[in-house]
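Colleague: I should like to learn how the contacts between the parts of a model are read. May we go through one case together?

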Amino acid sequence: MNYLVKSVATATVGAGSLFFASAALSQEKLGEIVPKLSLAYYAADMGPVYEQSARVLSQEWAKLGLEFQMRPIQFSTFVSDIIVGGKLEDMAVFSVGADPDRIDPVFYLNNISACGQRANGSSWCNEEYTRLAEKQLTQVNSDERRETIHQMQELFQSQIPWWPVTNTVYGILYNSDKWENVTNPSPVAAHENLVDPWLAARPLTDDRIMDWAYLEDVSTYNPMSEEGATGWMRFVYDTFAKIGADGKSRPWAAESWEFTDDTTVRVTLRDDMTFHDGEAVTADDAVFTINKIVEIQPPTMSSRIGNIAGATKIDDHTFEFNLKTPDATFETIAMTYLFILPEHLWADYEGDMVNRDVVADGVAIGSGPFMFKEWRVNELHDLRTHKAHFAAPAYDGIRRLALGQADAIRSTMLDGTADIATTVLPVAAMSDLGMQEDFLEFIEIPSHGTMMTWLNNTKPPFSDLEFRRALKTATARQRAAIEGWLGFAVPAGEGNVPRQTGQWYNSDLEPVAFDIDAARKILEDAGYGWDDDGRLHYPVK
Amino acid sequence: MRAYITRRLLQAILVVFVVTTIMFFMFRIMPADPTTMFLEGGMTEEARQVLLEEWGLNGTIWEQYVLYMGNLLTGDFGNSFFYRKPAWEVLFPFIINTLWIAVPGLLLGAFIGSALGMIVGWAPRGGKVERSGILLATIIRGAPSFVVGIGLLAVFSSYLNWVPGYGMGDPQGQTGLMRYLNWDFAHHLILPLCAVIIFFIPENLLLMRSGVVEARTEDYIELVRAKGVSEKRVAWHAGRNSMLPLITWLFPALAETIAGIVVVEIVFSWPGVGRELVLAVVRQDYPVAQAAFFLLAIMIVLANLAADLTYSKLDPRVAYK
Amino acid sequence: MSQTIHRSVAWVFRALLPIVTTFRMLIQDRFALWGLSIFGVFIIVAIIAPWIAPYDPFAPMMTETGRLMRLAPPSSDHWLGTTAFGNDVLSQLIMGSRVALRVGLVAALAVGFISTLVGVISGYFGGIIDDILMRMTDVALSIPTLPFAIVAVGLLGPSVDNIILVITLLFWRNGARIIRSVVLTERERVFVKWARAAGASHLHIILKHILPNILRVVFLWVTMSVAFAVLTEASLSFLGLGDPSITSWGQMLNTAFASGALRSAWWWVAPPSLMLIALISSLYLIGRAYEEQTNPRLKDHS
Amino acid sequence: MSIEFETLRGTLEKKPPVRLQVQDLCVTYKSARGPMKAISGVSFDVEPGSNFGLVGESGCGKSTVVKSLMRLLPASATTSGKVLLDGNDVLAMNRQQLSRVRWAQIALITQSAMNSLDPVFTVGDQIVESIRAHADVKHAVAWARAEELFAMVGLPPERLKEFPHQFSGGMRQRAVIAMAFSLNAGLLLADEPTTALDPIMQDQIMSRIRDIQKRLHRSMVLVTHDIAVVSETCERVAIMYAGRIVETGPTHDVLNKAYHPYTMGLQNAFPKVVAKGEKKPPLISISGGVPDLANPPAGCQFAPRCPFATAQCRAEEPMLRTAGNSLVACHHMERATEFRRAALKAETWRVEETLQ
Amino acid sequence: MSGDNTTVIEGRNLKTHFEGRNGLISAMLGGKSETVHALDGVDLHIDKKEIVGIVGESGCGKSTLGMTLARMYEPTSGQILFGQQDITNLHGSKLKSYRGSAQIIFQDPYSSLNPRLTVEQIIREPLNIHRIGNETEKAARVAEVLNRVQMPPETYLHRFPSNLSGGQRQRVAIARALVLRPELIVADEPVSMLDVSIQAGILELLNQLSKELDLAVLYISHDIATVGYICDRVAVMYLGRIVEQGSSDDVMHSPLHPYSDRLMAAVPSIDATASRERVHLSGEVPSPTNIPAGCRFAARCPAATALCHTVEPELYEARPDHKVRCHLYLPEDRDLRPDLERPKAHPFA
């Protein structure tokens with residue numbers, strides 16, 4: 001009870017002092033009332049944190065005299081309607097995951113911020129900014145590129161079309177009685193990709209199969225049609241490079257690569273690789289894969305491979321990528337994403353390669369560290385270690401259990417059925433378990449995954465820069481991190497690029513501190529006013 | 001009789017047709033766009049068009065409808081957007097899994113429930129057995145299936161740690177029928193099956209009990225008793241007659257029952273068709289969701305037909321022309 | 001004039017009479033008395049919920065050190081402890097009764113209205129109208145409840161009003177069947193036949209002779225519908241499709257379940273479960289007693 | 001098998017008729033409005049091989065008497081008095097003894113044959129069930145007996161395999177009769193066996209019951225509201241009113257020389273077919289209704305409807321007293337001759353009606 | 001006699017057939033349904049102040065006849081004349097006004113009154129339906145008819161049916177029928193569910209009302225004894241047709257048709273000394289969905305000959321005002337089928 005009384009009191013006193021001063025003066029000078037704003041966020045299918053966060057944020061925003069209509073939207077609808085559908089009504093609070101290729105800031109800089117991009121849901125269009133966005137894409141020199149990017153962030157910060165609220169902290173919970181050396185993949189979410197925590201792990205017991213407790217299934221083993229679970233695909237198929245925690249690509253199947261000119265990349269493959277069926281991996285396979293993909297343009301890959309013109313074989317272990325335009329993101333995005341297919345199993349296939357049921361055809365075969373063994377839909381995936389792989393782990397296989405709900409994951413971890421669990425169990429719950437149980441170890445993974453606030457920039461009041469500025473000033477990033485995310489998030493930085501992307505983040509941006517009074521002041525200065533009920537009104541036209 | 005079955009079958013087809021149509025349009029007016037499952041990486045518009053065309057989502061809604069229904073006639077439910085294979089192939093294993101909890105659950109629930117209902121119905125009116133039987137049954141009936149599931153999980157899996165509370169167990173590479181015929185599966189089956197049984201018992205119990213109580217006042221029961229046969233035999237007459245209203249309830253109740261099973265599957269992470277249906281809806285995997293609805297509708301309609309036929313077997317008064 | 005007043009008073013009294021007699025009949029049954037008492041308590045709690053809930057159901061509780069009070073077990077400040085998000089469980093529980101009752105009552109009335117309308121028209125007129133309406137209910141009966149609700153709520157958006165709409169769409173069908181079958185027997189009653197023979201219009205017969213005599217069944221069905229509606233709302237909320245702007249018991253369980261706190265925080269899981277059982281059972285108890293008292297063959301003659 | 005069948009028949013044929021003595025039978029039901037005395041002090045004897053008629057209007061308790069004779073009343077009823085079958089008190093028997101007596105010694109033809117056969121079993125099975133509950137014989141033997149019984153009531157034996165709903169009302173009644181005779185019980189209780197049947201069927205059924213019963217020399221209690229049926233069937237009759245016997249004696253005496261005003265009224269109310277040209281006597285109706293047994297009036301139960309009632313009648317309950325060959329419960333039976341004459345006139349009864 | 005001024009209602013060759021109902025689907029499939037020939041060619045008229053009795057076994061069509069005359073059913077063929085008016089196919093408001101003049105009294109007094117209405121409301125309802133009179137007139141009419149049925153209005157006006165005995169309920173039903181001042185009353189087994197001690201009053205009342213109010217009454221019953229009491233004329237029905245018709249004395253005491261003969265003989269006598277011949281009728285009534293050729297009674301008639309099985313007899317006027325549908329009474333000078341033997345002796349004579 002105490003708390004409630006206190007918080008209500010602070011709110012009224014804080015707001016009240018300003019109130020009387022301004023309300024009395026501007027009573028008759030009020031414009032239209034600012035209508036109730038709809039606030040969209042991920043519904044409970046994505047877990048309870050979004051609703052909690054949206055509630056916490058809107059509580060503070062409401063102190064500006066605003067009212068909100070809470071609108072939870074299921075993930076898929078949210079993506080199609082709001083993120084790419086351009087149907088953002090007023091505001092949205094949601095997050096994007098810590099995908100490995102988002103360590104390259106192009107997603108934040110271009111996809112969701114530049115004019116004409118499909119995923120620019122806040123419909124902000126600044127031509128200067130967009131020109132810079134296109135420019136940085138072609139700046140293969142990373143210093144030059146960094147400069148452009150920092151410049152873009154300054155421009156962005158001055159316009160505040162949307163803003164990040166928190167950066168997600170993920171977690172890994174593993175059985176430390178049975179496993180050791182599970183490494184921290186930060187800043188990338190563990191389940192998303194970096195093979196590190198899995199491959200480095202070493203078994204301590206005779207149980208040499210790692211059981212990974214997970215919520216859902218992956219949908220296919222055909223790398224040309226899967227998007228959602230590329231992390232799992234990386235176990236079976238090799239990519240040319242892997243992205244490192246520093247945001248830079250490092251060699252994997254490719255021993256080395258170099259830009260021979262702005263649009264040509266010469267790649268040298270490792271010479272010790274074989275597919276799971278024993279055939280050697282050669283440049284033929286790589287060239288076949290690249291040219292095939294360029295030819296059929298699988299829809300799920302289109303955005304990442306769009307700039308590739310084709311590949312040419314040089315010798316058995318060397319080939320060249322031909323790009324359409326100079327591409328700064330090629331190393332971090334395309335190289336880490338193209339899965340090498342065995343030519344001898346795919347060349348003669350006459351059907352639609354994208355839709356090939358590789359499990360049924362018995363060709364779920366790549367060259368990755370694990371070999372496909374069994375898949376029982378919505379139950380488990382069973383992979384065995386590909387011993388001949390250059391990065392083969394020190395154990396015999398990995399199984400991914402599709403458990404469907406948090407409680408089951410929790411109990412598999414407790415009864416020893418599962419050895420490792422990742423984000424799918426709420427991080428706070430994992431952390432609790434790690435503290436309660438001696439045999440469970442919890443690893444905290446700060447990531448670049450971002451929860452952000454989007455506004456419909458084409459519509460009042462958001463079309464007004466001052467309003468946006470006030471709203472950002474009233475954004476309780478700290479509260480959202482603590483109360484929404486239960487402490488497993490950190491307040492996000494400024495601009496639009498996550499601080500966790502390292503060099504790409506412009507740390508010179510001036511911080512905007514959370515301050516309701518200041519926010520009200522901004523509004524008042526811009527001519528807004530409040531009525532007797534405390535509701536915000538537009539300035540008089 | 002044959003004419004009757006034909007008529008009922010035609011009726012059933014009509015019903016399934018309408019249900020399928022309704023579901024088709026419901027899914028088509030869903031606000032979301034199924035291609036977004038592939039959008040995290042920022043799919044280009046051209047690629048999206050390719051997908052839409054591939055999934056048969058590019059024509060007008062009427063064209064899509066005609067196409068869908070046409071395919072349905074040839075047994076083609078379309079391809080799952082998510083799994084990229086025929087929806088039927090996706091659903092088939094789930095159906096088997098569901099049957100494992102649904103069929104024994106339904107039968108055992110009906111059997112235990114009606115047996116208990118006989119006892120409660122035959123007990124002296126206003127006595128302890130009757131009162132406590134009714135009270136317990138009503139309370140259990142009032143428990144939502146997820147509450148029952150959570151309760152079972154908490155007590156038997158979490159607190160007592162007797163049985164696992166998730167999944168179908170580890171088959172150790174067993175496939176086919178052997179995947180189900182092993183101790184581990186049985187061990188995992190216990191809790192969800194119990195939840196389904198508990199879900200079924202009270203309704204059966206209460207119906208059977210009212211049936212028996214009503215039958216007790218019938219003239220023929222009086223006559224049977226007057227014949228000097230054992231009380232057990234008298235009870236059998238009452239029970240046999242009370243089965244009739246039970247049958248009429250049992251099968252049509254499937255529509256509601258499926259709801260219970262969906263929740264049980266979710267609570268116990270049972271990889272069944274109900275859970276898959278919910279997932280498919282969330283993922284906007286229309287072909288799978290529609291196929292599941294189609295199958296469920298057929299199941300319900302056939303169950304109704306079966307109820308009618310069983311009824312006619314059990315009740316000689318019913319003669320279908 | 002006074003006679004008109006007298007008559008209208010008498011009319012009101014007569015209209016209320018079935019309710020009064022029903023109530024009087026119900027309180028004779030000990031189970032029904034329990035059911036009515038529990039239901040009564042729920043209604044009272046729901047009405048005064050905002051005044052008796054100790055905290056805002058969504059207010060985060062803080063420890064003295066300024067940390068979020070996560071999963072605190074019951075204490076004197078928080079009788080039922082807190083949730084993983086530091087919300088007071090008791091407050092959520094109390095506020096949750098409002099949603100349950102609002103959804104229950106509104107949906108049940110809507111279901112009762114549509115069921116009666118369809119049932120009466122279908123049963124009374126028979127023939128082709130009956131055929132068409134009954135085929136419609138056949139279709140409706142072939143739609144699995146919860147999956148449909150999931151799709152429909154997904155389609156319409158998870159607000160209380162939409163949930164009520166979906167529940168109405170789902171449950172009119174059973175009621176229509178039940179009421180139709182009662183109307184079929186009622187239609188064969190001799191006084192109805194007489195009214196037809198006397199040249200009464202259909203409307204007259206329905207309003208004067210059919211409706212008053214099926215009100216009992218309608219009442220029973222409405223009671224049961226409240227239970228179904230509460231149950232369906234809870235199930236939807238449990239699956240994460242509840243209205244987010246208010247707390248409901250199903251939603252509490254969903255949050256507990258999704259937070260993985262099912263096993264650790266009994267104080268968060270048990271209360272909403274018990275509330276749901278108590279509310280739904282109380283309605284079933286009333287319904288059962290009602291059935292028992294009105295069905296002469298079930299009535300205990302002792 | 002045939003030997004077994006003959007043995008069964010032999011034992012059944014040797015069964016003697018039963019003497020039934022009902023002594024001071026009282027039945028009280030618990031009801032919401034307090035105890036309801038459905039039967040008070042009913043006593044009568046049925047001589048072996050004779051027919052006894054129990055006549056009364058609805059609600060007079062005649063069916064309750066029948067049910068209490070077989071102990072078929074619901075648990076909410078308490079019974080006192082004695083029901084002696086050849087001296088053995090049915091009311092005092094334990095469950096085992098009771099089930100041995102039921103049907104073997106005392107069988108029942110129920111009121112509505114429509115509902116008294118279990119709809120989901122074949123008629124044959126139900127007859128067989130009754131036989132095998134008492135005689136340790138194979139199904140086939142019992143079936144043969146059932147065929148014999150069907151032949152006796154004039155039904156084709158192949159219809160034993162049918163279900164009750166496939167029978168017409170008359171056939172069902174005959175099947176029930178066949179079942180009642182299945183163990184050749186010494187005493188037959190026929191509770192309104194022909195109510196709700198068409199006149200032709202009614203007549204046929206009654207003739208059949210009489211024929212078989214005479215041939216096999218069974219005792220019978222016939223319960224009916226139809227005094228014509230009783231007059232054609234029973235040697236002795238008891239008239240019941242409000243749970244009491246108001247007049248009992250040889251049928252001819254009771255019907256032609258009634259001492260109780262109720263008997264007179266009943267008789268005069270009964271429509272008669274008179275000879276051609278003869279003047280029809282006016283039909284009498286007895287106004288008012290049966291008393292509320294949960295709250296019975298003081299004195300004679302019939303007094304409120306009786307045109308001859310006096311203050312004594314309204315205060316004092318009359319006991320059964322001998323009058324002629326009958327026993328009558330009326331304070332004024334000495335004035336019976338006078339009453340009989342007055343009772344023939346419709347005005348006698350109508351006066352009361354408008355006064356009411 | 002038809003066309004006579006005093007004739008209230010007359011049915012000519014009335015047929016009422018019922019079709020078994022089928023659902024939408026079978027209708028679409030062209031499924032055939034069975035036809036029940038409930039009423040299959042009946043001629044009947046009733047005069048003012050006259051009570052005509054219809055007797056027969058259940059299912060013989062006697063109730064259908066009553067309901068058809070009251071236009072509860074529309075006859076399949078034939079004609080109904082009400083006074084001079086043809087009401088066979090009336091609809092809408094004309095039918096409604098006819099319904100005001102022809103009233104029905106049903107068998108079951110316990111369900112013929114709406115338990116939720118008072119006696120006053122019940123009797124007033126027909127006036128409301130037909131919009132007759134203002135409040136005062138209505139009240140007056142209600143009181144008048146209650147007096148007619150010997151139920152003092154002051155006592156009964158505000159009672160509910162549950163507080164009335166069976167006989168009183170039936171009186172209320174009669175009062176309700178009278179309040180519209182009908183010309184025809186169809187009484188469908190009005191006393192069969194009442195106790196013997198009460199039924200006399202109802203029968204007397206019907207008789208009296210018929211004479212005092214110029215009513216034509218159709219009295220339907222299977223209780224032949226009561227028919228003898230109040231009916232002027234009696235018609236015996238068998239399987240949808242009248243097989244014998246005449247004054248009640250004639251039909252009851254000297255029935256001509258073998259079936260009527262059996263029917264009359266089946267009535268038990270209260271006088272045990274009067275011995276009566278036992279009835280033996282073999283077989284069952286044929287199904288009304290499948291009516292045999294020839295005389296409908298032939299299959300059960302001991303006297304039936306080939307003629308009876310082939311040709312259905314007409315209603316022969318065997319005696320003045322006494323008609324019978326039996327070849328035994330085929331006039332000597334008429335030969336329907338000379339090749340077939342006609343029945344000779346009365347089977348039960």
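Colleague: How much area do chain C and chain B bury between them, and what part of it is on carbon and sulfur atoms?

Modeller: The size of an interface is often given as the accessible area lost when the parts come together. Please keep in mind that this is a predicted model. Here, chain C and chain B bury about 4,400 Å² between them, and 73% of that area is on carbon and sulfur atoms. On the side of chain C, Val151(C), Leu155(C) and Arg297(C) lose the most area to chain B, and together they make up 15% of what that side buries.

Colleague: How many residues of chain C are in contact with chain B?

Modeller: A count of residues complements the area. In this model, 47 residues of chain C are in contact with 50 residues of chain B. Among the 8 pairs of chains that touch, chains B and C have the most contacts.

Colleague: How many salt bridges does the rule find across the interface of chain C and chain B?

Modeller: The rule finds 2 salt bridges across this interface. In one salt bridge, the side chain of Glu292(C) meets that of Arg209(B), with 2.4 Å from N to O. The count of residue pairs in polar contact between chain C and chain B, with both residues at pLDDT 80 or more, is 2.

Colleague: Which elements of chain C give two or more residues to the side that touches chain B?

Modeller: They are α2 (30-52), α4 (127-141), α5 (145-156), α6 (160-187), α8 (202-238), α9 (249-258) and α10 (266-294) of chain C. The largest share comes from α10(C), with 10 residues. Sorted by class, the side of chain C that touches chain B holds 29 nonpolar, 8 polar and 10 charged residues.

Colleague: Let us turn to another pair. How many residues of chain E are in contact with chain C, and how much area do chain E and chain C bury between them?

Modeller: The same reading applies. There are 27 residues of chain E in contact with 26 residues of chain C. Between them, chain E and chain C bury about 2,300 Å², of which 57% is on carbon and sulfur atoms.

Colleague: How many salt bridges, and how many residue pairs in polar contact, are there between chain E and chain C?

Modeller: The two counts should be read separately. Between chain E and chain C the count of salt bridges is 0, whereas the rule finds 12 residue pairs in polar contact across the interface, both residues being at pLDDT 80 or more. On the side of chain E that touches chain C, α3 (92-101), β6 (102-105) and α4 (119-129) of chain E each supply at least two residues. Of the elements, α4(E) gives the most, with 4 residues. The residues of that side divide into 11 nonpolar, 8 polar and 8 charged.

Colleague: What does the radius of gyration say about chain E?

Modeller: One sets the computed value beside the one for a compact globule. With 349 residues, such a globule would have a radius of gyration near 20 Å, and chain E, at 22 Å, agrees with this. Along the principal axes, the C-alpha atoms of chain E fill a box of roughly 70 × 65 × 40 Å. Chain E has 12 helices and 12 strands.

Colleague: Which chains have no contact with chain A?

Modeller: Chain D is one of them: no contact joins chain A and chain D, and their closest C-alpha atoms lie 47 Å apart. No contact joins chain A and chain E either, with 41 Å between their closest C-alpha atoms.

Colleague: How is chain B divided into domains?

Modeller: Parts within one chain can be read in this manner too. Chain B has domain 1 (2-73) and domain 2 (87-314). Their centres, taken over C-alpha atoms, are separated by 32 Å. In domain 1 of chain B, 21 residues are in contact with 16 residues of domain 2 of chain B.

Colleague: How much area do domain 1 and domain 2 of chain B bury between them?

Modeller: The two domains of chain B bury about 1,700 Å² between them, 74% of it on carbon and sulfur atoms. In domain 1 of chain B, Arg8(B), Val16(B) and Phe27(B) lose the most area to domain 2 of chain B, together 32% of what that side buries. Between these domains there are 0 salt bridges.

How values were computed
Residues are numbered from 1 along each chain as its sequence is written. Chains are lettered from A and ligands numbered from 1 in the order in which they are written. Side-chain values use heavy atoms; hydrogens and water are left out. Contact means heavy atoms within 4.5 Å. Domain bounds come from an automatic or database domain assignment. Buried area is the accessible area (1.4 Å probe) that two parts lose on being put together, summed over both. A salt bridge is a side-chain nitrogen of Lys or Arg within 4 Å of a carboxyl oxygen of Asp or Glu. The radius of gyration is taken over C-alpha atoms; the globule rule is 2.2 Å times the number of residues to the power 0.38. A polar contact is a pair of N or O atoms within 3.5 Å; within protein, one must be able to donate a hydrogen and the other to accept it, and residues adjacent in sequence count only if both atoms are side-chain atoms. Ala, Val, Leu, Ile, Met, Phe, Trp, Tyr, Cys and Pro count as nonpolar, Asp, Glu, Lys and Arg as charged, and the others, Gly among them, as polar.
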